[in-house]
Each structure stands twice: as C-alpha cells, then as structure tokens.
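Work through the exercises below with the coordinates open. Each task is followed by a solution in steps.

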Amino acid sequence: PQDIMIIFDISLSMLAEDISPNRIEVAKSVVRDFISSRTSDRIGLIIFAGKPFVSIPFSTDYSGIKNVVSWLSPYLIRQDLPGLSWTNIWDAILLANMNHSGSKSPEKSVILLTDGRANVWIDPIIAAQESEQSHIKIYTIGIGSVHGGDLFYTDSFKKKIYFYDEKGNKLKADLDEPMMQKITETTQGKYYHADNRVALENIFSEIDKKLPNIIIEKTEIKNIDLTPIFFVLLLVILAIERAILQYILRKYKLLRQTNIDE
C-alpha cells in the first residue's frame, strides 16, 4: 500500500468565512470524504500553524483518522503563544519527510492544504527539494480567496470578528500561489486552488485518481487431508480388481468345462 500524509493548516485564518460556513469546516468535511474513498493506504495527519505536530502517524484506521479530523480546530494549538502562530510550511513539510523516511511503500505522497503563505522559518522550497530526493510527491491546495479581502469570522453573538496582524492592521487574504506551485514543480506534484466547497471536492476527486487505490489480493491456503480420499480410492480399486478376478475365474471354469465335454 502507499503512504499518504495530509498536512492540514489550522491557523486562525482558517476560520475565515469567505467559504461558507468557514474554510476549516469545509476542508474537514472534504478530507473525511477523501479518506473514506481509500481502501488499503496508510494515511497520516500533520496539523500546523507556527509549528507542526504529528496528529496521527501512518495508519489504516480510517474511522479513527476521520474522527480526529472532525475535531480539528485552530484552538488545538495555543496560537497566542510565541512561536505557535502564523504559517510554518517549511517545518510541516520537513516533518512529513521524516515520517516518510522509514516507509518501504512504493508510493509516497503529501497533500498540503493551507490558506496562506509561509511567513516563518525557512523557504519551504528547501524542504520540497528534500521531498523530491526521497521520491515524495507533494500536492498543494490553496483554500480561500486570493483577492486580498479582509478576513473575519462570526462569533456566537453574530458579530464579525476581524483578524489583525502584529501591527494592528486587518489581516487580508494572502494566498501565496507561486510558492505552492514551486513546491509541486519541485516534487512532480500539482497545485490546486479552491474558493468554494465544490471546487475543493473536485480537487480531492482528481487527487484520488492520481493516487490509485492499490488492492492487495490475499491468497488463502488451506491444508486438506487427502488420506480419506486415498482410502476410498483404494477400496474402489480393490473392488474393481476383485470383480475382474471373479470374472476371469468364471470364464476359465466355463472354458475348462467346455473342453471336458468335447
């Protein structure tokens, strides 16, 4: 089976509502459907914001993986603490490479889903070059608007809450498509953009086709005791042999009687 690592951006901006009801809920739903479509792959999950974490090592427990995806939230990472906020794509790819390193799978892939640009640590292209050397294909998905609109979410009081950067300016959509395209070019993958649910569903459907399910055929070997069969055959042979012998004897006596009469 092949190994597929899903890298899931859970930065605060994933709460933005430019995709209804918001980016992260749509992404979670579509990722769960993708996992359901697989049959024998090992799937892993890395979540990240300013720092990546392995949420699920490679596993075939699809039900368990989908349950974890359902619980994903930006609040799983304390993004109010130093070093845990923003978008650390470089580290996330390196962590995926590390998890792939011990794999003997003939096919190794990464699906990176993010709504922003790498704004901390090192250029992700360096990590992608390492992926390429390890024969790991990366498929990148940019989710959300690319038009630079203000990002916000609606709180429980139906009030719009805007995102702000460290300088107090409203945070705007900032999807770095050239960077993600470069990552995929480096690793022989492909970049996709989704600004609505249908587009994201179509993207995962196409990726699903690019990562064909490998069906493992199992040959079941059963040991059959042939002794009874041989015993029955032996009895049949003995019975046939006896019948032939009796026939010959009868025929011999008949011929002998005929000779005497003459």
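The exercises cover a sheet, the helices on it, a helix pair and one arginine, all in a predicted model.

**Exercise 1. The sheet**

Task: Give the strand order of the open sheet and state how its strands pair.

Solution:
- Step 1. The open sheet is made of 6 strands, ordered β3-β2-β1-β4-β5-β8.
- Step 2. Its pairing is mixed.
- Step 3. β3 (52-59) and β8 (190-194) are the edge strands, each with a pairing partner on one side only.
- Step 4. On average, neighbouring strands are turned by 15° against each other, with direction ignored.
- Step 5. At the β3 end, β2 (residues 42-48) pairs with β3 in the antiparallel sense over 5 bridges. Within this pair, isoleucine 46 stands opposite valine 54 of β3.

**Exercise 2. Helices on the sheet**

Task: Find which strands helix α2 lies across, and which strands helix α5 touches.

Solution:
- Step 1. Helix α2 (residues 62-70) lies across β2 and β3, and runs at about 160° to β3.
- Step 2. Helix α5 (residues 177-187) packs on the sheet and touches β4 (108-114), β5 (136-143) and β8. The direction of α5 makes about 160° with that of β5.

**Exercise 3. A helix pair**

Task: Classify the arrangement of α1 and α6 and give the hand of their crossing.

Solution:
- Step 1. Two packed helices are described by the angle and the distance between their axes.
- Step 2. The axes of α1 and α6 (residues 197-210) come within 10 Å, crossing at roughly 25°.
- Step 3. Angles under 35 degrees count as roughly parallel, so α1 and α6 are roughly parallel to each other.
- Step 4. The crossing of α1 and α6 is right-handed.
- Step 5. On the α1 side, the contact is made by Val26, Ala27, Ser29, Val30, Val31, Phe34 and Ser37. On the α6 side, Arg197, Leu200, Glu201, Phe204, Ile207 and Asp208 take part.

**Exercise 4. An arginine in a loop**

Task: Decide whether arginine 38 is buried or exposed, and identify the polar partners of its side chain.

Solution:
- Step 1. Arginine 38 sits in the loop between α1 (23-37) and β2.
- Step 2. Buried means under 20% relative accessible area. Arginine 38 has 4% relative accessibility, so this residue counts as buried.
- Step 3. The arginine 38 side chain makes a polar contact of 2.4 Å with the side chain of aspartate 208.
- Step 4. A polar atom of the arginine 38 side chain also lies 2.2 Å from the backbone oxygen of leucine 211.
- Step 5. Leaving aside neighbours within four places in sequence, arginine 38 is in contact with residues including Gln2, Ile4, Ile43 and Tyr62.

How values were computed:
Residues numbered from 1 in each chain as written. Predicted model: local features only at pLDDT ≥ 70, side-chain atom pairs only at ≥ 80, totals over all residues. Heavy atoms only, no water. Pairing = 2+ DSSP bridges. Helix = DSSP H or I, 4+ residues; strand = E, 2+ residues; numbered from the N terminus. Axes fitted to C-alpha atoms, helices over the stretch in contact; angles between N-to-C directions. Contact = heavy atoms within 4.5 Å. Buried < 20%, exposed > 50% of the residue type's maximum accessible area, 1.4 Å probe, protein only. Polar contact = N/O pair within 3.5 Å; in protein donor to acceptor, adjacent residues only side chain to side chain. Parallel < 35°, antiparallel > 145°, perpendicular 65-115°, else oblique. Left-handed = near helix turned anticlockwise from the far one by under 90°.
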